[in-house]
Amino acid sequence: SLSKLQLKTGDLDPRLFSRLRHLQKLDLSDNLLDKFPNSLTLPDLRVLNCNNNKLEDVTALKQFPLLEELTYENNVYLTLNDDYKVMFLLQNLRLLNGKDITKLANHVRRVNSRKLTSKVTAHWEKFFRDQLPEKYTAEQVKSIKKKFLKSVQTNVVYGPSSLSEFTRWRVKMIAEEFLAYSLGLELNTDPEPEEKMDENEEESTESPREAAEDMSQVGDFSSYINNVTVTPSKRKRNNSKPGSGNKRSKSQANTEEEAEDVSAEPLHFLQCHSKGNSREDFKTQLWSCVFEPLLDCGARKDPIVSSSRTVATCGGESICLIDCETGTVLKKYKVATEEFFSVAWTTLTMVISDSRKKSHNILAAAGRRGIVKLIHVAADFCYGEIKAHKKPIATVCFSPTRETHLFTASYDKRIALWDIGIPDCDYNFKASQLLVLEALSIPLRIALVPTCPDQYLLAGCESGCFAWNIKLDKEQKSRPFEAIFQFPDEDGGITTSHRVDGLAFLNDDVIVSKSSKPGCIYLWSWSRSFDTKGKGCQRTVSALILAELEWSMTDLSYLTLSTCPAKDYVFCGDEKGSVWMYNLSNYTTAWSSAKGKRSDKRIPPTQILKWPELRVNGEQLTEVLINNVVSDPTFTYLVVLTSVNITAIWKKS
């Protein structure tokens, strides 16, 4: 509480406040503040009281993205327009000046934004689009931008006149975003002051928003020399309302409706895994990301989509926790000598100090050192490690049925099953190894069979696709594989020997895997390929192919795929920075029937999201590989991990 201290704006020292990483409630009432400094940080602030001040502007409050309760009564210069601004800027806000504003805020963010966006787009199409020559200079862009912004703020009106200031403010914002997407995207990596970290500190758990460069900020258009577009051309119209007749080429969409259905827009481009926080790092490879599971009372739950919008990403020496909607890096964890390859979540019921039980999300992370780090995220605490393998760990995953069971797949050609135990209130825990699965080559991707996750595990390896029996009632702790799957190869024959670098279940039965044949992703049936009653070990089994997906002809490896089972989607990035999206809901019913006819033709992608032309210090970023692409369970957000240290976050529009 800092109320009644005659404080002025200059008394709020950002150097002091930015160290209050865990402050949740702040009372600044009855002071003399006329505005908020921009860089107070306070990444965990939930409740703010600034009643009885002299505030003139609320937009600086957007620096507190987790704010849930805000009061600023008796600030005579603030009006209804300011209420609407904070509702738009603060996605988690529930109470404003003591009133529940959830419904109204949803309307402001969604309906109001949609209406204004279509009006802004229509204004451009009608009055300005034809004024811009096909090849234009920086000067022409600057001039038309100025005219358009002035015209659109004067002419686009919506809602009551009492809200005209808010409407003008939003229209300007939407118009600038629209121009950025239509005429190209300039990256803004202007240095911001950063806190220096202790050089000797090997591990740290931090939540610095400043360590991430959010590169989605729109830069100055005047630096454009020629026609720079954010390819694909249809992205220009992404803000237009459905059914506005966007033309699409056949390769990008099967039908107009389907394409409309999946269009997504880029929200943020983050450079948050840089080595030593360097702005020049466009080399760190990003490998793995996974959305945080929802806790029943999780603070980071998004009320609109009732699915977590927090994602953990890893690459280089760090792990980041990102809020997909705001692009805020909520937490960052570093180990200076590590290179992280994989992360996985589990929810453990832990006993808190006063003997109450409570669910907490735990993040496991592993990589080059062969060590699994266990992080209690809400407490910002890495409470333990398991020295799992002597060689690097390629991937980790938790059992969906036993929350303490963790699989680690390593370059030592083994997959181990661990029981990580449950930490007590002092974080003491006991981990034990339960199983070792022997592989013939390095396991790259692992997947538990959804219908029997305690009995079978599949792995895509450097030399093929294998299945193991992992039932724990057997005596044998070290086990050879039970089956190896054979697939068609590019010469028309069949082969068991190929690198399988993509593997995931689309539903209870359909497996998606990629590799033996260039330009192709296979969908095949688990139940019809593998007879669980079959006898004998190390048998060769033919994969019963249901369909092939058309994909890039690249011979590059390790560009992995993922699925969104709830929406029947498959995602896979390529070597040109594009994301291939396949909506398979029209096929899954036929595949599950007893006859299960194979789809004869290769299934083309429903849509390909092209990588936008990003510029860093005026230079275009080229040769972007998409290492991984993952959606949240409801397919609201799509997180794209690249080979150039950029995490791209798209939102389904």
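**Strand pairing, nonpolar cores and confidence in the predicted model**

Gly327 adopts a positive phi near 75 degrees in the hairpin formed by β11 and β12, whose strands are separated by 4 residues. The structure described here is a predicted model. Strand β12 spans residues 328–335 and runs antiparallel to β11, to which 6 bridges join it. Within this pairing, Tyr333 of β12 is the residue that stands opposite Ile319.

On its other pairing, β11 (residues 318–323) is matched with β10 (residues 310–315) in the antiparallel sense, again over 6 bridges. Gly315 has Ser318 of β11 as its bridge partner. The two strands form a hairpin with 2 residues between them, and Gly316, located in the turn, shows a positive phi of about 60 degrees. Strand β11 is mostly covered, with 6 of its 6 residues buried. The burial extends to both faces of the strand: Ser318, Cys320 and Ile322 are buried on one side, while Ile319, Leu321 and Asp323 are buried on the other. The residue of β11 that faces Tyr333, namely Ile319, thus belongs to one of these covered faces.

A further set of antiparallel pairings involves β13, β14 and β15. Strand β13 (residues 340–351) is joined to β14 by 11 bridges, the two strands running antiparallel, and Val343 stands opposite Ala365 of β14. Strand β14 is also antiparallel to β15 (residues 371–376), with 5 bridges between them; here Ile362 stands opposite His376 of β15. The hairpin of β14 and β15 has 3 residues between its strands, and Gly370 takes a positive phi near 75 degrees. Of the 11 residues in β14 (residues 357–367), 8 are buried, so the strand is largely enclosed by the rest of the structure.

One open sheet comprises 4 strands in the order β32-β33-β34-β35, with antiparallel pairing. Its edges are formed by β32 (561–564) and β35 (607–609); each has a single partner strand, so one side of each is left without a neighbour in the sheet. From one strand to the next, the twist averages 20 degrees. The pairing of β32 with β33 (residues 569–573) is antiparallel and extends over 4 bridges, with Leu561 standing opposite Cys572 of β33.

The largest nonpolar core contains 35 residues, of which Phe36, Leu48, Leu61, Phe64, Leu70 and Val86 touch the most other members. Helices α2 (80–89), α3 (102–128) and α5 (164–183) each contribute at least two residues to this core, and the largest share, 5 residues, comes from α2. Apart from this core lies another of 23 residues, including Met581, Leu621, Val624 and Phe635. The surroundings of one member of the largest core illustrate its packing. With residues up to four places away in sequence left out, Leu70 touches Leu48, Cys50, Leu61, Val86, Leu90, Leu93, Leu95, Leu96 and Asn97.

Helix α2 also contains Asp83. Asp83 has a relative accessible area of 18%, which lies under the 20% limit and is therefore classed as buried. Excluding residues up to four places away in sequence, Asp83 touches Tyr72 and Leu96; Leu96 is also among the residues touched by Leu70. The C-alpha atoms of Asp83 and Ala105 are 9.7 Å apart in space, although the two residues are 22 apart in sequence.

The UniProt record (unreviewed entry) places the feature "repeat: WD" at residues 386–420. In the model, this segment is 57% strand and 0% helix, and its end C-alpha atoms are 8 Å apart.

Confidence varies along the chain. The mean pLDDT of the protein is 82, and 84% of the residues score at least 70. Among the elements, strand β18 (residues 405–410) has the highest mean pLDDT, 98, and strand β7 (residues 213–214) the lowest, 36. Two segments are assigned low values. Over residues 185–260 the pLDDT stays under 50, and the model has 196 contacts beyond four places in sequence for this segment. Over residues 297–305 the pLDDT likewise stays under 50, with 20 contacts beyond four places in sequence.

Conventions: Residues numbered from 1 in each chain as written. Predicted model: local features only at pLDDT ≥ 70, side-chain atom pairs only at ≥ 80, totals over all residues. Heavy atoms only, no water. Core = buried A, V, L, I, M, F, W, Y, C linked by side-chain atoms within 4.5 Å. Buried < 20%, exposed > 50% of the residue type's maximum accessible area, 1.4 Å probe, protein only. Contact = heavy atoms within 4.5 Å. Pairing = 2+ DSSP bridges. Axes fitted to C-alpha atoms, helices over the stretch in contact; angles between N-to-C directions. pLDDT = per-residue confidence, 0-100. UniProt positions renumbered as here; feature names shortened; annotations may be inferred.
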